[in-house]
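Student: Give me a close look at how the strands pair up in this one, would you? Take your time, and add whatever else along the backbone or around the ligand deserves a look.

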Amino acid sequence: MQLDLLNLLKRFCNCIFYFVRALLPVVLLSGCVKNCSPKQRESFQSSPEILIGHFASMTGGEASFGQSTDKGIRLAVDAQNVEGGIKGKKIVILTEDNQGKPEEAAAVVKKLITQDGVIALLGEVASTRSLAAAPTAQKYQIPMVSPSSTNPRVTQVGDYIFRVCFIDPFQGPVMARFASHFLKLKKVAILKDLKSDYSLGLADFFKSKFISLGGEIVSEQSFQTGDTDFKGQLTRIRAADPEAIFIPAYYTEVGLIARQVRQLGIKAILMGGDGWDSPKLYEIGKDAVEGAYFSNHYSSESPSEVTQKFIKDYMAKYKEEPDGLAASGYDAALILMDAMKRAKDLDPKEIQVQLAQTKSFVGATGTITINNERNASKEAFIVQVHQKTHKFITQLGAEN
Ligand code: PHE
């Protein structure tokens with residue numbers, strides 16, 4: 001009887017011991033709020049590999065964004081590993097699929113930081129998902145580099161949030177200047193996505209510049225991500241008789257909208273932003289997108305040596321042509337690794353300091369300087385859809 005009791009007590013103590021031991025890493029890591037604990041610092045330094053998290057839409061309606069970006073990132077990282085890695089360590093990319101959902105983006109970023117112990121993050125493409133995840137990266141003070149989120153609010157989340165692309169207060173006016181000066185348009189309609197921070201911002205930045213250049217927005221209509229029938233909005237747009245329709249949205253909806261535009265007999269020019277850049281646009285939009293214009297981060301026709309080498313290496317590895325997302329992912333990884341090389345040690349704070357000092361870095365998308373707001377100052381390419389691909393029309397920088 002007494003022995004039984006003793007055994008029971010022993011088992012109970014054992015249970016408590018294992019429970020506490022299992023919880024210890026979680027407790028230690030979540031202690032890395034506001035300046036990492038010396039213990040976690042040590043774990044970054046002593047880890048045999050450099051762990052970088054990539055959170056992306058690998059599945060869902062925007063899967064092409066995540067997949068292309070991931071390929072670009074891995075191309076850059078694999079090449080660095082062949083060179084011996086960084087500070088003698090191999091770089092490992094941990095990719096987490098957020099299925100294109102903002103709440104998933106926040107959840108996987110928390111997992112990457114607190115469970116996997118990544119030292120830096122790459123992602124997201126879509127501004128809405130970058131905005132959902134950035135507060136977590138900022139809270140744990142883990143540097144996050146977005147390859148292609150263009151909404152201005154993304155990097156305003158805090159000093160650990162960076163991007164290697166231009167922002168919509170630049171991209172919107174670029175398209176407005178192109179519409180007004182190059183295409184000589186006076187009357188434009190807008191069709192925007194109410195569920196996307198990117199779409200709403202870009203619509204507004206385009207609109208105010210176009211009006212200031214003497215243009216008129218004759219109709220402004222909206223839809224929501226995932227919609228497939230746009231006939232109601234397009235019928236109202238047709239009644240306003242615009243010369244062009246500006247559609248700041250992503251390729252799936254843009255492709256469907258373009259087809260319905262032509263089905264309704266609307267002849268207006270179609271225009272958009274970087275969200276159009278996917279080979280899927282041509283599959284979905286078919287002939288309806290022919291002749292349309294959009295602004296982009298990248299052009300395969302750029303004569304730059306780095307761009308041409310990127311295309312060659314990408315084709316050799318993946319047997320397909322890269323899109324702008326792949327180029328932006330590649331540049332984001334290159335810039336993060338460049339900061340790690342310059343850092344005196346592998347500490348998130350040190351990497352953050354070095355990222356902020358990135359100057360005139362020549363990447364596949366152009367020459368990138370990280371400015372005081374942690375955004376990239378660079379030019380935009382304007383391209384025109386032609387026979388299932390797009391051709392370079394012009395390059396525009398900031399107005400001086
Ligand atoms: N700029 C878009 C956003 O912020 C994302 C995007 C970039 C999509 C490049 C396609 C190509 O949401």
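Tutor: Sure, and one term before we start: two strands count as paired if DSSP finds at least two bridges between them. Bear in mind too that this is a predicted model.

Let's begin with the hairpin. Strand β14 covers residues 380-386, strand β15 covers residues 389-396, and the two pair in the antiparallel sense over seven bridges. To get your bearings in that ladder, find Ile-382 in β14 and look across to β15, where Thr-394 stands opposite. Now follow β14 to the turn: two residues lie between the strands of this hairpin, and Gln-387 takes a positive phi there, near 45 degrees.

Back up a little along the chain for another antiparallel arrangement. This one is an open sheet of three strands in the order β11-β12-β13. The edges belong to β11 (361-363) and β13 (376-377); each has a single partner strand, so one side of each is left without a neighbour in the sheet. Between β11 and β12 (residues 366-370) there are three bridges, again in the antiparallel sense. Gly-363 and Gly-366 of β12 face each other here, one standing opposite the other.

Further back, the pairing turns parallel. Strand β8 (residues 244-246) runs parallel to strand β9 (residues 269-272), and three bridges join them. Pick out Ile-245 and you'll find its bridge partner in β9, namely Leu-270. To get from β8 to β9 the chain passes through helix α10 (residues 251-263), in a right-handed β-α-β crossover. β9 then has a parallel pairing with strand β10 (residues 293-296) as well, over two bridges. In that pairing, Gly-272 has Phe-294 of β10 as its bridge partner. Helix α11 (residues 280-285) goes with β9 and β10 to make a β-α-β unit, and that one is right-handed too.

On to the ligand. It is surrounded by 13 residues, the closest being Ser-127, Ser-148, Thr-150, Tyr-250 and Asp-274. Three of those names come up again when you look at polar atoms. On the nitrogen side, a backbone N or O atom of Ser-148 is 2.9 Å from a ligand nitrogen, and an N or O atom in the Thr-150 side chain is 2.8 Å from a nitrogen atom of the ligand. Tyr-250 uses its side chain as well, with an N or O atom 2.5 Å from an oxygen atom of the ligand. As for cover, the ligand has 320 Å² of accessible area on its own, and the protein covers 100% of it. The space it takes is the largest cavity.

Last, two backbone oddities to check by eye. Gly-123 and Glu-124 are joined by a cis peptide bond, with omega about -15 degrees. You'll find Glu-124 in the loop between β3 (120-122) and α5 (127-140). The other spot is Lys-319, which isn't a glycine yet has a positive phi, near 55 degrees. Look for Lys-319 in the loop between α12 (305-318) and α13 (324-342).

Key: Residues are numbered from 1 along each chain as its sequence is written. This is a predicted model: local features need pLDDT of at least 70, side-chain atom pairs count only at pLDDT 80 or more; totals for chains, interfaces and linings use all residues. Side-chain values use heavy atoms; hydrogens and water are left out. Helices (H or I, at least four residues) and strands (E, at least two) are DSSP runs, numbered from the N terminus. A crossover is right-handed if, with the strands pointing away from the viewer, the path from the first strand over the helix to the second runs clockwise. A residue is near a molecule or strand if one of its heavy atoms lies within 4 Å of it. A polar contact is a pair of N or O atoms within 3.5 Å; within protein, one must be able to donate a hydrogen and the other to accept it, and residues adjacent in sequence count only if both atoms are side-chain atoms. Accessible areas come from the Shrake-Rupley method with a 1.4 Å probe; for residues, only the protein chains shown count as cover. On a 1 Å grid over the protein atoms alone, a cavity is a set of points where a 1.4 Å probe fits but cannot get out, and a pocket is an open set with protein on both sides within 12 Å along at least five of seven lines; lining residues have an atom within 4 Å of a point. A molecule sits in a cavity or pocket if more than half of its atoms lie within 2 Å of its grid points.
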